[in-house]
Amino acid sequence: MIDYSKILSSKVTSIKPSGIRKFFDILDEMDDVISLTVGQPDFDTPWHIREAGINSLEDGRTYYTSNSGLLEFRREVCNYLERRFGLSYTPETEVLCTVGGSEAIDLAMRAVLEPGDEVIVVEPSFVCYGPLASLAGGIPVVVNTELKDKFKLTPEKLLAAISDKTKMLILPYPSNPTGGIMTKEELEKIADIVRERNIIVLSDEIYAELTYGKKHVSFASLPGMKERTILVSGLSKAYAMTGWRLGYACAPKEIMQQMVKLHQYAIMCAPTTSQYAGIEALRNGDEDIEFMKESYDQRRKLIHAGLKKMGLDSFEPEGAFYIFPNIGKFGMTSEEFCEKLLYSKHVAIVPGTAFGESGEGFARISYAYSVEHIKKALERMEEFIEALK
Ligand SMILES: Cc1ncc(COP(=O)(O)O)c(C=O)c1O
């Protein structure tokens, strides 16, 4: 008999699986559940984008692309970033096409971190940052953001987390799970600190297109920040393309060269069909983004009003497609609250603690669902809350 505990890497076994998954496993066992758990658009990928993928297959484009991705794709990334966010990148040397934003986050950490380097992780946040930082040899240092600050990273909190070992800050705005964003003025204060303390920034801007009211400001567009920023984004959220697994990273060429090496050995290239579809999305998809965003905005208002009516404290989210209500006043942990809601009313939402300890007392609700679906869930939630009062 093999003792697998002696075989497996302790670096990997010491990492906890994602807290979201555990909740999904319970969900899978139940019927008639209204789920508001999933972090992906409910829209099909717009047809002209799918057609571009299909056409590429019909034309026989079924081969590897260059490691960095089709130059045409990288050119479109640059055109798009300049058009939408005023960024200027060189397609040949500063852009890499990846398997979703997820791969780009992994590569960025592995290219930059040395053993013992500290990585500032702003929480509550997307689940992969801490584990990937650890796997890359880094030490995650968590900064807990708060409802009173609309879950923004404040200069005070950042300064308190910085030490002589700080190498990288991960900026996760617009935020999954809180729906928080950072304005230009707020980012400028962060920029002053990272410049002064010589910190590299991994800016995860996958929800850049989904802001309501205030336009997203890309961190690398601030004076002097491009040279110390690794921008990570992708097509999953803006173009409803989660299953195509298409993302990209932009970074100074010295960093990019190292990221390309890792990508080359582990992945070869992002899926060719997806890259062709991505070219079409980036070139002709601005109207699709506006259409879907308008729809999310309606749902955002609906769910915010619904939760307010129930007496749940939640700030109006300004980005992504999540709302993060405070459920602390009912004397239950987030997990207890969500499990009770699931078992008694068959409504599934995600405990805030899946996104870090500071998520305790909160739950993540995704509004990337139809209005009918959201209304039904809100009705059931209202009954649940009434019964708790
Ligand atoms: C904040 C954030 N970053 C990155 C990703 C990764 O997305 P993908 O790998 O589909 O591009 C997600 C997915 O949920 C996310 O929420």
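Let me begin with a definition: on a 1 Å grid over the protein atoms alone, a pocket is an open set of points with protein on both sides within 12 Å along at least five of seven lines, a cavity is a set of points where a 1.4 Å probe fits but cannot get out, and lining residues have an atom within 4 Å of a point. The model on the screen is a predicted one, in which local features need pLDDT of at least 70 and side-chain atom pairs count only at pLDDT 80 or more, while totals for chains, interfaces and linings use all residues. Residues are numbered from 1 along each chain as its sequence is written, and side-chain values use heavy atoms, with hydrogens and water left out.

I will start with the largest pocket, which holds about 870 Å³ of space, where a volume is the space filled by probe spheres set on the grid points, and those points are joined across faces, edges and corners. Its lining comprises 33 residues, and those nearest the centre are Lys16, Glu123, Thr353, Ala354 and Gly356. At least two residues of this lining come from each of α3 (19-28), β3 (118-123), α8 (129-135), β4 (139-144) and α14 (334-345); helices here are DSSP runs of H or I with at least four residues, strands are runs of E with at least two, and both are numbered from the N terminus. Sorted by class, the lining of the largest pocket has 15 nonpolar, 11 polar and seven charged residues, where Ala, Val, Leu, Ile, Met, Phe, Trp, Tyr, Cys and Pro count as nonpolar, Asp, Glu, Lys and Arg as charged, and the others, Gly among them, as polar.

Where, then, does the ligand sit? The ligand is placed in the second largest pocket, in the sense that more than half of its atoms lie within 2 Å of the grid points of that pocket. Among the residues around the ligand, each with a heavy atom within 4 Å of it, are Phe126, Tyr129, Asn176, Asp204 and Lys237. Helix α7 (residues 100-112) gives the largest share of this shell, namely three residues, and by class the shell has four nonpolar, five polar and three charged residues.

Turning to polar contacts, which for the ligand are pairs of N or O atoms within 3.5 Å, a polar backbone atom of Gly101 is 2.6 Å from an oxygen atom of the ligand. Polar side-chain atoms of Ser236 and of Arg245 each lie 2.7 Å from an oxygen atom of the ligand. Taken alone, the ligand exposes 400 Å², and the protein buries 92% of that, with accessible areas taken from the Shrake-Rupley method with a 1.4 Å probe.

Next come the enclosed spaces, and the structure holds three cavities of 30 Å³ or more. The largest cavity has a volume of about 80 Å³, and Phe85, Glu205, Ala208, Ser233 and Tyr248 lie nearest its centre among the 14 residues that line it. Both α5 (71-85) and β7 (229-234) supply at least two residues of that lining. The second largest cavity contains about 60 Å³ of space, and its lining residues include Leu171, Tyr173, Met182, Glu205 and His216.

Finally, a word on the backbone: most residues other than glycine have a negative phi, and most peptide bonds are trans. Glu123 and Pro124 are joined by a cis peptide bond, with omega about -5 degrees, and Pro124 belongs to the loop between β3 and α8. A cis peptide bond also joins Tyr173 and Pro174, with omega about -10 degrees, and Pro174 is in the loop between β5 (166-171) and α10 (184-197). Ala320, a residue other than glycine, has a positive phi near 60 degrees, and Ala320 is found in the loop between α13 (286-309) and β9 (322-323).

Key: Polar contact = N/O pair within 3.5 Å; in protein donor to acceptor, adjacent residues only side chain to side chain.
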